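I opened the notebook today to record what I looked up in one chain, beginning with strand pairing and then moving on to a single residue and to the chain as a whole.

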Amino acid sequence: MKVLVILLLLCCVSAIKAVTVESCPLAIGNLLKTEVEETVTLTCKTDESINPSNYELQWFRNGAQVNLAEENRLSRSNLCVESVTKEDNGVVFTCQLKGDASVNGSIKFDVHYPPDLNDTKEVFVEEKSDVVLSCDVRANPPVALVWKRDGEVLDLTTGSYITTNNGITAELSIPKAERDVHQGTYICEVTSPVYGIASRTFTVTVEDRVLKFPVGPTIAGVVVVLCTIVLALISRGDKIIKCCKRN
């Protein structure tokens, strides 16, 4: 009798072959391509041949458990991700059996979005001062970047230009700007295999250098001079009064 019970339990356990996760839009394998602000629906279900009410499902987002209504846990569970964001890129949603984490299925989000560009900025800089032009190039898929000046690809070997790009922000630094060399219209142009060309335009104006006086020390000096004059006048006044009394 005991052997029969054990065999029945083993048959029940082996009845569940897997947990599968389906999505709308459809995923390719376990990779789901979507875009910012779209809505994604995930459905998790068990592949079984026995009573489905015996199995409770759990959802996890990057390892953190998602709260589910009680009626959305048994055998079949739905998860709706509304208004997908950039931060959802690379996120993994996993569905598993509550009693056996080894029985699971997952989907990884591949969120596509363009860089936040297509605008114009005016930049004013004093001659011999430093200026930095900055572009938001964060995008998926990644973009190719080129800097232009007055419509031509910028020659980075001249003009003491310095460029950096960490995949999120691209910068063009101009140390000690000179009007004859650096004034003009600069363009940060990116090309995406999905969204095409986008750009940010900078109108750089190099102004005459303004002489700057040390305000603090100047005020202190003026105060000292005024105090000296006042003390001198007071001292001089005392002498005049004494002289008048003698007369």
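Entry 1, strand pairing. I started with strand 3, residues 40-47, and found that it pairs with strand 6 in the antiparallel sense over 6 bridges. I noted that the model is a predicted one, and I read the pairing with that in mind. Looking up K45, I found that its bridge partner in strand 6 is R76.

Entry 2, the sheet. I then asked in which order the strands of this open sheet lie. I found 3 strands in the order 1-3-6, with antiparallel pairing. Strand 1 (18-24) and strand 6 are the edge strands, each pairing on one side only, and the twist from one strand to the next averages 20°.

Entry 3, N72. I next looked at the loop between strand 5 (64-66) and strand 6 (76-81), where N72 has its place. Is N72 buried or exposed? I recorded a relative accessible area of 18% for N72, and because buried means under 20%, N72 counts as buried. Leaving aside residues up to four places away in sequence, I found that N72 touches S77 and N78.

Entry 4, the whole chain. I listed 3 helices and 16 strands in the chain, and I noted that 31% of its 247 residues count as buried. For the accessible surface of the chain I wrote down about 15800 Å², of which 57% belongs to carbon and sulfur atoms. Among contacts between residues at least 6 apart in sequence, I found that 64% join residues at least 24 apart.

Technical notes
Residues numbered from 1 in each chain as written. Predicted model: local features only at pLDDT ≥ 70, side-chain atom pairs only at ≥ 80, totals over all residues. Heavy atoms only, no water. Helix = DSSP H or I, 4+ residues; strand = E, 2+ residues; numbered from the N terminus. Buried < 20%, exposed > 50% of the residue type's maximum accessible area, 1.4 Å probe, protein only. Contact = heavy atoms within 4.5 Å. Areas by Shrake-Rupley, 256 points an atom, 1.4 Å probe, with all protein chains shown as cover. Pairing = 2+ DSSP bridges. Axes fitted to C-alpha atoms, helices over the stretch in contact; angles between N-to-C directions.
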